[in-house]
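Colleague: Please take one part of this model and go through it closely, residue by residue where that helps. I would like the cut-offs stated as you go.

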Amino acid sequence: MKYFYDVKNVEPRQLAPGVNIQTMWGENIMMSLIDLESHSEVPLHSHYNEQAGLVLEGEFEFTIGDEKKPVKKGEFYIIPGGVEHRVVTGDTPSRALDIFSPPREDFKS
């Protein structure tokens, strides 16, 4: 098992046009560093995994369930499993750290 990671050594993967992730995981938890270019979108989706996150840079409009809110650097979010959600960026690029439990099998590479 690997204990330490350097983001420079974690291969990015494109989720959607302008949306790239780098993932690290253990047995019961996964972290994903997400870079979103300006005017990009994570389309509406859901998954059974619980998700929590922190906006590290920039800001974006987050829709979770039927609630839509702009979130910016320093703000957190929590998404229960099975709840649809979507992200849309504006004029500035953004970065977020997402945490999933259990790890998302579709994000392992």
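Modeller: What follows is a close look at one strand and its partners, and then at a few other places.

This is a predicted model, in which local features need pLDDT of at least 70, side-chain atom pairs count only at pLDDT 80 or more, and totals for chains, interfaces and linings use all residues. Residues are numbered from 1 along each chain as its sequence is written, and side-chain values use heavy atoms, with hydrogens and water left out.

The part is strand β10, residues 94–101 (helices, H or I, of at least four residues and strands, E, of at least two are DSSP runs, numbered from the N terminus). In a regular strand the side chains alternate between the two faces of the sheet. Strand β10 shows this alternation: Ser94, Ala96, Asp98 and Phe100 point to one face and are buried, whereas Arg95, Leu97, Ile99 and Ser101 point to the other face and are not buried. Buried means under 20% relative accessible area, exposed over 50%, and partly exposed in between, with a 1.4 Å probe and protein chains only.

Strand β10 has pairing partners (two strands pair if DSSP finds at least two bridges between them). Strand β3, residues 30–36, runs antiparallel to β10 and is joined to it by seven bridges. In this pairing, methionine 30 stands opposite phenylalanine 100. Strand β5, residues 50–57, also pairs with β10 in the antiparallel sense, over seven bridges. Here glutamate 57 is set opposite arginine 95.

Arginine 95 also makes a salt bridge with aspartate 35, and their closest N and O atoms are 2.7 Å apart (a salt bridge is a side-chain nitrogen of Lys or Arg within 4 Å of a carboxyl oxygen of Asp or Glu). Arginine 95 lies in β10 and aspartate 35 in β3, so this pair ties together parts that are 60 residues apart in sequence. Arginine 95 is partly exposed at 29% relative accessible area, and aspartate 35 is partly exposed at 27%.

The whole structure has seven salt bridges. Among them is the one between lysine 69 and glutamate 75, at 3.8 Å from N to O. Lysine 69 is partly exposed at 38%, as is glutamate 75 at 24%. Another joins lysine 108 and glutamate 105 at 3.1 Å. Lysine 108 is partly exposed at 29%, while glutamate 105 is exposed at 55%.

Beyond β3 lies a loop that leads to β4 (41–45), and serine 40 is found in that loop. Serine 40 is buried, with a relative accessible area of 4%. Its side chain reaches the backbone oxygen of glutamate 37 at 2.6 Å. Leaving aside residues up to four places away in sequence, serine 40 touches Pro17, Gly18, Val19, Val87, Val88 and Thr89 (contact means heavy atoms within 4.5 Å).

One of those contacts, valine 87, is in strand β9, residues 85–89. Valine 87 is buried at 8%. With the same sequence neighbours left out, valine 87 touches Leu36, Ser40, Glu41, Val42, Phe60, Glu61 and Phe62. Valine 87 and glutamate 61 are 26 residues apart in sequence, and their C-alpha atoms are 5.7 Å apart.

As for the segment before β1 (13–16), phenylalanine 4 is placed there. Phenylalanine 4 is exposed, at 71% relative accessible area.

Definitions and conventions:
Polar contact = N/O pair within 3.5 Å; in protein donor to acceptor, adjacent residues only side chain to side chain.
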